[in-house]
Amino acid sequence: MKTTSASKQVMDYDKKNLDRKTLIALYKNMLKPRMIEEKMLILLRQGKISKWFSGIGQEAISVGVTMALAKDEYILPMHRNLAVFTTREIPLYRLFCQWQGKASGFTKGRDRSFHFGTQEFNIIGMISHLGPQLGVADGIALANLLKKNNQVTAVFTGEGGTSEGDFHEALNVASVWKLPVLFCVENNGYGLSTPTSQQYNCKHIADRGKGYGIESVILDGNNIIDVYTKVLKLVESIRKRPRPILIEFKTFRMRGHEEASGTKYVPKALINEWAKKDPLVNFANFLIKERILTEKLDAEIRTAFTDEINDNLKKAYAEEDIPVSLSNELGDVYKTHVYQEVVSKDSSKELRLVDAISEGLHQSMTRHNDLVIMGQDIADYGGVFKITDGFLKDFGRERVRNTPICESAIIEAAMGLSICGIKSVVELQFADFVTSGFNPVVNYLAKSFYRWNQNADVVLRMPCGAGVAAGPFHSQTNEAWFTKTPGLKVVYPAFPYDAKGLLATAINDPNPVLFFEHKALYRSIRQNVPSDYYTLPFGKASLLKEGDQVSIISYGAAVHWALDTLDKNPDIKADLIDLRSLQPLDTEAIYTSVRKTGRAIILQEDSMFGGIASDISAMIMENCFEDLDAPVKRVASLETPIPFIDQLEGQYLAKSRFEEALKQLLNY
Ligand SMILES: Cc1ncc(C[n+]2csc(CCOP(=O)(O)OP(=O)(O)O)c2C)c(N)n1
Ligand SMILES: [Mg+2]
């Protein structure tokens, strides 16, 4: 495509006081990604690359926004924002290696296209689910606010992505917390094949700003001078007075959603009309008319870009393929963390589980002086279980943050804080409500380190469990949703001493940890707990009772059911293993015990199918088969939702069936 002759200039430009250097930079920054794309389209036709999401026609937005920001300010781009990456001057061979899954890319061949971030260039890439990065931008902006560095964060979404709940949550949180975020909506007319008329029912997406209490503007996304100068003004204003601003860029998607899907459903007239507004062609013609660009200079720039693209492509193709290595793959699921043992030196006092967690959290807040905790009603009110009672007074409102009811955005914000090196603890009001933030947990927090080496230094506190007559939505113990997701750690203490030490370790660990706290144990279980700070290791079960007849394996409240049963039946000589952490799991403790006793029974509070007991049972079968004197037994709760009233809940819970199952196993 010959840019300057393709069409005449139909757009108006007011070059204001922009100097020649800036105008040429704007042009070059739009031209380079256009030329890369044109090359990619050829390679695509030759079958040399797999997928391509085109940003042709939308370059002015990426270029204008990126140039308006300082290089150390974060940008969170989408799949059509190649120009963000090129304007940030990422060496092209690294981009090409990324698309070919080579080592000099950004994901070691583990993720494709633009699904990566790079701290080196202050770019945080998308995940496929589109919306979550809006909340991550909130977290980065919160970090900037806490660091008082006056930086602005820009995050992109298409108009399709604005229909996701993440958009609503992220704008709402940003507004309530006055976060310095530039929300950039690229309204390009389509979300895959869906036209805007089927996507939303308001005139302009910018109109929504009012509903969130956010300033908003509409910009012509094809006019590079408009985009650059107006965004620059907004950015300067946000730096002075931190707050979110919503920008709707009107533009058009000139090619298919991705190259294979075509544009049959797009009216030809619409494409033709927007083709006249091509941001690059119009600007080139304007620059030529203004004698800022000459045909000769243009040709020189193009030759240089062609050479740069070809040289870098050659370099990328020449790079050897990534070798397949099991240890590399398994070794990159979690960030390496060397556990630091801290032994208590202080005397103990009797604490309830709830007090031990509160004390532990408080001591970690003191130890990590930038640790932020976030949750609903946790500040003035002290949390619904009063774990953070008094924290506001001790640590202040910046670090003890009441949140709107926005689980997704808050978990995403925790990810953003981690990107900026700040640890956080998120209190889910009830573990059941993690479903409203499920996507960022299992797709963002869990996978980021493996995908592009970015850890999620986040602890999610999960008040869970039944036995409190709270019905289907306040009683679940949903650990199995997370133990099956690589990248997450899952801890589930049954005693105050363990809870305090394991919470300290969870906060020290740079990986995402789900910390389960059983509500029925909060105020019913007491134990002597050291008064000062100490840690306990993950992946170490505790052997609560020793015996040679059977191994009872359990965790959480069910440990106490097993203890009750053994108290009632002193003649049963059992090993009772309290797992304490489920991921990592202390398989050695399990196998050692089962090899000794020859019988294993696993007791879990969760319903049977797909729970931890099933996996542990299979592992025992695979590893201890020859030592078994009886089939492994699982005891779990009923395959129903959790009922409300006492007698139904009593029937539901595994507790009522454990004693009989244990005796049956011993009699086998
Ligand atoms: C949660 C989720 N649902 C659906 C998709 C499939 N999908 C990927 S991109 C896309 C369209 C996005 O449209 P828009 O936000 O307008 O961005 P554009 O592609 O137009 O730049 C869809 C439906 C997805 N990736 N994630
Ligand atoms: Mg769109």
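Tutor: Start with a rule. Six donors count as octahedral if opposite donors are over 155 degrees apart and all others lie between 65 and 115; anything else, apart from the two four-donor patterns, is irregular. Keep in mind that this model is predicted.

Student: What makes the arrangement around the magnesium ion (ligand 2) irregular?

Tutor: Look at the angles. The 6 donor atoms subtend angles of 52 to 168°. An octahedral site has no angle under 65 degrees. The range around the magnesium ion begins at 52°, so the arrangement is irregular. For reference, ideal octahedral angles are 90 or 180 degrees.

Student: Which protein atoms are donors of the magnesium ion, and how do you know that they qualify?

Tutor: Glu159 gives two OE entries, Asn188 gives OD1 and Tyr190 gives O. These atoms lie 2.1 to 2.7 Å from the magnesium ion. The cut-off for this metal is 2.8 Å, so they count as donors. Along the sequence, the donor residues follow the spacing E-x28-N-x1-Y.

Student: Why is the pair Glu159 and Tyr190 said to tie parts together?

Tutor: Glu159 sits in the loop between strand S2 (153-158) and helix H7 (165-176), while Tyr190 belongs to strand S4 (residues 190-191). Those parts are 31 residues apart in sequence, so the pair links them. Both Glu159 and Tyr190 are buried.

Student: Now ligand 1. What makes its approach to Ser128 a polar contact?

Tutor: A nitrogen atom of ligand 1 is 2.7 Å from a polar backbone atom of Ser128. The limit is 3.5 Å, so the pair qualifies. Oxygen atoms of ligand 1 also meet the backbone: one is 2.8 Å from a polar atom of Gly160, and one is 2.8 Å from a polar atom of Gly161. The protein covers 70% of the 580 Å² of accessible area that ligand 1 has on its own.

Student: Which residues come nearest to ligand 1, and how does its shell divide by type?

Tutor: Of 13 residues around ligand 1, the nearest are His79, Arg80, Ser128, Gly161 and Tyr190. The shell holds 2 nonpolar, 9 polar and 2 charged residues.

Student: How do you know whether Asn569 is buried or exposed?

Tutor: Buried means under 20% relative accessible area. Asn569 has 8%, so Asn569 is buried. Its place is the loop between helix H22 (557-568) and strand S18 (574-578). Its side chain makes a polar contact of 3.3 Å with that of Glu659.

Student: Why is helix H3 (residues 59-68) called mostly covered?

Tutor: Count the buried residues. In H3, 9 of 10 are buried. Among them are Glu59, Ile61, Val63 and Val65.

Student: What makes the phi of Arg291 worth a remark?

Tutor: Phi of Arg291 is near 60°, a positive value in a residue other than glycine. Arg580 also has a positive phi, of about 65°.

Student: Are Arg291 and Arg580 buried or exposed?

Tutor: Apply the cut-offs. Exposed means over 50%. Arg291 has 73% relative accessibility, so Arg291 is exposed. Arg580 has 9%, so Arg580 is buried. Arg291 lies in the loop between helix H11 (279-289) and helix H12 (295-318). Arg580 is placed in the loop between S18 and S19.

Student: What kind of peptide bond joins Gln583 and Pro584?

Tutor: A cis bond, with omega of about 10°. Pro584 lies in the loop between strand S19 (581-583) and helix H23 (587-597).

Definitions and conventions
Residues are numbered from 1 along each chain as its sequence is written. Chains are lettered from A and ligands numbered from 1 in the order in which they are written. This is a predicted model: local features need pLDDT of at least 70, side-chain atom pairs count only at pLDDT 80 or more; totals for chains, interfaces and linings use all residues. Side-chain values use heavy atoms; hydrogens and water are left out. A residue is near a molecule or strand if one of its heavy atoms lies within 4 Å of it. A polar contact is a pair of N or O atoms within 3.5 Å; within protein, one must be able to donate a hydrogen and the other to accept it, and residues adjacent in sequence count only if both atoms are side-chain atoms. Accessible areas come from the Shrake-Rupley method with a 1.4 Å probe; for residues, only the protein chains shown count as cover. Ala, Val, Leu, Ile, Met, Phe, Trp, Tyr, Cys and Pro count as nonpolar, Asp, Glu, Lys and Arg as charged, and the others, Gly among them, as polar. Donors are N, O and S atoms within 2.8 Å of the metal (3.2 Å for Na, K and Ca); water is not among the atoms, so sites may look incomplete. Four donors count as tetrahedral if all angles lie between 85 and 135 degrees; four count as square planar and six as octahedral if opposite donors are over 155 degrees apart and all others between 65 and 115; anything else is irregular. Helices (H or I, at least four residues) and strands (E, at least two) are DSSP runs, numbered from the N terminus. Buried means under 20% relative accessible area, exposed over 50%, partly exposed in between (1.4 Å probe, protein chains only).
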